[in-house]
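Work through the exercises below with the model open. Try each task before you read its solution.

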Amino acid sequence: MDLLPGALILCSLLCSVAGQAPVISIEPRAATVRQGETVSFRCEVTSGAQPIQLEWRRANNQALPDNAKIGPDGSVLTFANARTGNQGQYRCLAANSVGRKSATAMLTVKNPPKVRLTPAGPLQVRMGDPVSVECRGTGRPRPTLMWKRLGSTLQLVTTETSDVNTIQWPAVRPEDSGVYICQAENSEGVNEVKIEIFVEGVLGAPVASVSPTEMTVVEGHTVTIQCQASGSPPPVITWSKLRAPLPWKHTVAGGALTLTSVGRQDSGQYICNATNIHGYSEAYTQMEVETPPYATCLPDQVRLHPGDALQLQCLAHGSHPIQFSWSRPGRAGLPAGVQTTKDGKLLIAHVKLNDGGTYKCVATNHVGSSEATAKVIIKP
Ligand SMILES: *[C@@H]1O[C@H](CO)[C@@H](O)[C@H](O)[C@H]1NC(C)=O
């Protein structure tokens, strides 16, 4: 018992440490690996009264997976051949005579995406029904989900980082029938799932189609758009223009719409509407009218003194892109020191007497060209 006073002195110095619950940390606190890789977490004891017992568990208290091994001193948790199911939180528990502490680590296992559709399809629906198909993707990192329609590169919807991407129609039409693909992609791979949607028309209901569905016409030309419609009784065809009245110079004959001498303002979408007692069907055509340039010079006449600055602007209406070029009629070329810009400007910082005369601008696009002139008068 003569040891006791010494022990008390020692305790007064060390009991603050010796009488402590364990203090621990995990290194690393989070790890991301690919499937099949090996990863370890070390539970480090920084202080606390010895002996300290270490134990590893899943954060949800379930048993450790069978590919998880614990090292001889209980501090290192290793996953050999990591798999998707290993993903989750792991807890290191440390206990001594004074108390218990725990720390948590997160394991993420990268894996290629999986996709699932709800409903799975094939889908048989009736014309006019609302339809929606939900595509749900899983995988690490979180995949990008994209809907496509077979036979075209059309991207219907793209959602970067959401778990769900849904395609939907408030009212399907027979022409929406087809195969749709939801594709999920992340750094680990690509996966896709198809669904066939078949839209049944009502017997005898009209189905309209137009040709061409897209066209580019030069101003002043005459165009005819054909509309074909099936259905019983034979549907009545009417034409309209989206958000505008039909051009004044139009005629409709046998379902075909003819536009005479089209102008720029006639560009837009034309709609063929086939109607009978069972319903109606709309088909769209997109028309772009291209116009040759119409050029003007600003100013078209200018009086200057030698040493003044000259600036001429060539302006042009018409379909883009428009190129501008400047010249001096009857002269070999532009005077030295002339600057021209892509947008039709001509600049001379300090004019000389012989810079006077006529300047010509030619504006060109792929339909045609137009010219305009400016007169520059220089007096001493
Ligand atoms: C087509 O006709 C139907 C029935 O008459 C009508 O409800 C619909 O609005 C029409 N569509 C267009 C674009 O005019």
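Strands, as named here, are DSSP runs of E with at least two residues, numbered from the N terminus. On that basis, Pro212 sits in the loop between β16 (207–211) and β17 (214–218). The model is a predicted one.

**Exercise 1. Cis peptide bonds**

Task: Find which peptide bond leading into Pro212 is cis, and place the cis bond that leads into Pro119.

Solution.
Step 1. Start at Pro212. Its cis bond comes from Ser211, with omega about -5 degrees.
Step 2. Recall the loop: Pro212 falls between β16 and β17.
Step 3. Go to Pro119. The bond from Thr118 is cis, and omega is near -5 degrees.
Step 4. Place Pro119: its loop connects β8 (100–118) with β9 (123–126).
Step 5. Set this against the background: most peptide bonds are trans.

**Exercise 2. Positive phi outside glycine**

Task: Locate Arg243 and decide whether it is buried or exposed. Do likewise for Ser261.

Solution.
Step 1. Read phi. Arg243 has a positive value near 55 degrees and is not a glycine. Ser261, also not a glycine, has a positive phi of about 45 degrees.
Step 2. Place them. Arg243 is in the loop between β19 (236–241) and β20. Ser261 is in the loop between β21 and β22.
Step 3. Apply the cut-off: 12 or fewer other C-beta atoms within 10 Å means exposed.
Step 4. Arg243 has 7 such atoms, so it is exposed. Ser261 has 12 C-beta neighbours inside 10 Å, so it counts as exposed.

**Exercise 3. A hairpin**

Task: Describe how β20 and β21 pair, and what their turn contains.

Solution.
Step 1. Take the strands: β20 covers residues 250–253 and β21 covers residues 256–259.
Step 2. Check direction. The two run antiparallel, joined by four bridges.
Step 3. Pick one bridge: Ala253 partners Ala256 in β21.
Step 4. Look at the turn. Two residues separate the strands of this hairpin, and Gly254 there has a positive phi of about 55 degrees.

**Exercise 4. The ligand shell**

Task: Which residues surround the ligand, and which strand gives the most to the shell?

Solution.
Step 1. List the shell: Ser240, Ile271, Asn273, Thr275, Tyr280 and Glu282.
Step 2. Sort by class. Two are nonpolar, three polar and one charged.
Step 3. Assign strands. β22 (268–276) and β23 (279–290) each supply at least two residues.
Step 4. Name the top contributor: β22, with three residues.

**Exercise 5. Domains and cores**

Task: Give the domain bounds, then analyse the largest nonpolar core.

Solution.
Step 1. Set the bounds. Domain 1 is 20–110, domain 2 is 119–200, domain 3 is 207–290 and domain 4 is 294–378.
Step 2. Note a spacing: the C-alpha centres of domain 3 and domain 4 are 43 Å apart.
Step 3. Turn to the largest nonpolar core, of 18 residues. Ala295, Cys297, Leu312, Cys314, Tyr359, Cys361 and Ala363 touch the most other members.
Step 4. Trace its sources. The elements giving two or more residues include β24 (294–298), β26 (310–317) and β30 (357–364). β26 gives the most, with four residues.
Step 5. Zoom in on Tyr359. Leaving out residues up to four places away in sequence, Tyr359 touches Leu312, Trp326, Arg328, Leu346, Thr373, Ala374 and Val376.
Step 6. Find another core, apart from this one. It has 16 residues, among them Leu77, Ala94, Leu107 and Val109.

Terms used:
Residues numbered from 1 in each chain as written. Predicted model: local features only at pLDDT ≥ 70, side-chain atom pairs only at ≥ 80, totals over all residues. Pairing = 2+ DSSP bridges. Domains from an automatic or database assignment. Near = placed C-beta within 6 Å. Nonpolar A, V, L, I, M, F, W, Y, C, P; charged D, E, K, R; others polar. Core = buried A, V, L, I, M, F, W, Y, C linked by C-beta atoms within 7 Å. Buried ≥ 20, exposed ≤ 12 C-beta atoms within 10 Å, placed from the backbone. Contact = placed C-beta atoms within 7 Å.
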